[in-house]
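Hello,

Here is the structure we talked about handing over. Please open it first, then read the notes below.

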Amino acid sequence: QVHLVESGGGLVQSGGSLRLSCAASGSIFSINNMGWARQTPGKQRELVAVIRSGGNTKYADSVKGRFTISRDNAKNTVYLQMNSLRPEDTAVYYCNAEGLDLTMVEYNFWGQGTQVAVSS
């Protein structure tokens, strides 16, 4: 089992910044992709950013130039630096990790989510 624990959400004014963190723990052999997605009520979960084990990144068009994803492989942790936040960024943000567990079985887990609210 792999556990993901997010932190760093909160309330911020439009134009402000927040930094989300997500630490993975448990039966981890390797972590390939780590990423963030967000969801608002009544809408599908939207992929925000992903970072591969080699460091390659991909962003949703809506956050390019404002959000930066990074990871610390030694700590099994992924970060999402969110700048120039807008009210439309308000959502629950979920962390995701994919890789191999200690039995060499692929896993794909989500965290419990952290709320981000941006006031206008």
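**The disulfide**

The structure holds one disulfide. Please keep in mind that this is a predicted model. The bond joins C22 and C95, with 2.1 Å between the sulfur atoms. The link of C22 and C95 is left-handed, at -80° about the S-S bond. C22 belongs to strand β3 (residues 18–26) and C95 to strand β9 (residues 91–101), so the pair ties together parts that are 73 residues apart in sequence. Are these cysteines buried or exposed? C22 is buried, with a relative accessible area of 0%. C95 is buried too, and its relative accessible area is 0%.

**The core**

Next, the nonpolar interior. The largest nonpolar core has 30 residues. W36, L80, M82 and Y93 have the most contacts inside it. Which elements give two or more residues to this core? They are β1 (2–7), β3, β4 (28–39), β5, β7 (67–72), β8 (77–82), β9 and β11 (114–119).

M82 is worth a click. Beyond its neighbours within four places in sequence, M82 is in contact with G16, S17, L18, L20, R66, F67, Y93 and V116. Y93 is thus named twice here: as a contact of M82, and among the core residues with the most contacts.

**N33 and S53**

N33 lies in strand β4. With a relative accessible area of 18%, N33 is buried; the cut-off is under 20%. The N33 side chain makes a polar contact with the side chain of R52, at 3.4 Å. Not counting residues up to four places away in sequence, N33 touches V50, I51, R52, R71, N96, A97 and E98.

S53 sits in the loop between β5 (46–51) and β6 (57–59). S53 counts as partly exposed, at 44% relative accessibility. What does S53 contact, leaving aside its neighbours within four places in sequence? The partners are I31, N32, R71 and N73. S53 and R71 are 18 residues apart in sequence, and their C-alpha atoms are 8.7 Å apart in space. R71 also appears in the list for N33.

**Charges over rings**

Two arginines sit over aromatic rings. The charged end of R19 is over the ring of Y79, 4.1 Å from its centre. R45 lies over the face of W110, and here the distance to the ring centre is 4.7 Å. As for rings paired with rings, the count comes to one aromatic pair.

**Backbone angles to check**

Most residues other than glycine have a negative phi. Two residues here have a positive one.

- N76 has a phi near 50°, a positive value in a residue other than glycine. N76 is placed in the loop between β7 and β8. At 24% relative accessibility, N76 counts as partly exposed.
- M104 has a positive phi of about 65°, although it is not a glycine. M104 is found in the loop between β9 and β10 (106–110). M104 is partly exposed, with a relative accessible area of 45%.

**Where to start**

Begin with the link of C22 and C95. Then go to M82 and its contacts, including L20 and F67. Move on to N33 and its polar contact with R52. Finish in the loops, with N76 between β7 and β8 and M104 between β9 and β10.

Best wishes

Note on methods
Residues numbered from 1 in each chain as written. Predicted model: local features only at pLDDT ≥ 70, side-chain atom pairs only at ≥ 80, totals over all residues. Heavy atoms only, no water. Phe/Tyr/Trp six-rings, centres within 6.5 Å; stacked < 30°, edge-to-face > 60°. Lys NZ or Arg CZ within 6 Å of the ring centre and 35° of its normal. Disulfide = S-S within 2.5 Å. Helix = DSSP H or I, 4+ residues; strand = E, 2+ residues; numbered from the N terminus. Buried < 20%, exposed > 50% of the residue type's maximum accessible area, 1.4 Å probe, protein only. Contact = heavy atoms within 4.5 Å. Core = buried A, V, L, I, M, F, W, Y, C linked by side-chain atoms within 4.5 Å. Polar contact = N/O pair within 3.5 Å; in protein donor to acceptor, adjacent residues only side chain to side chain.
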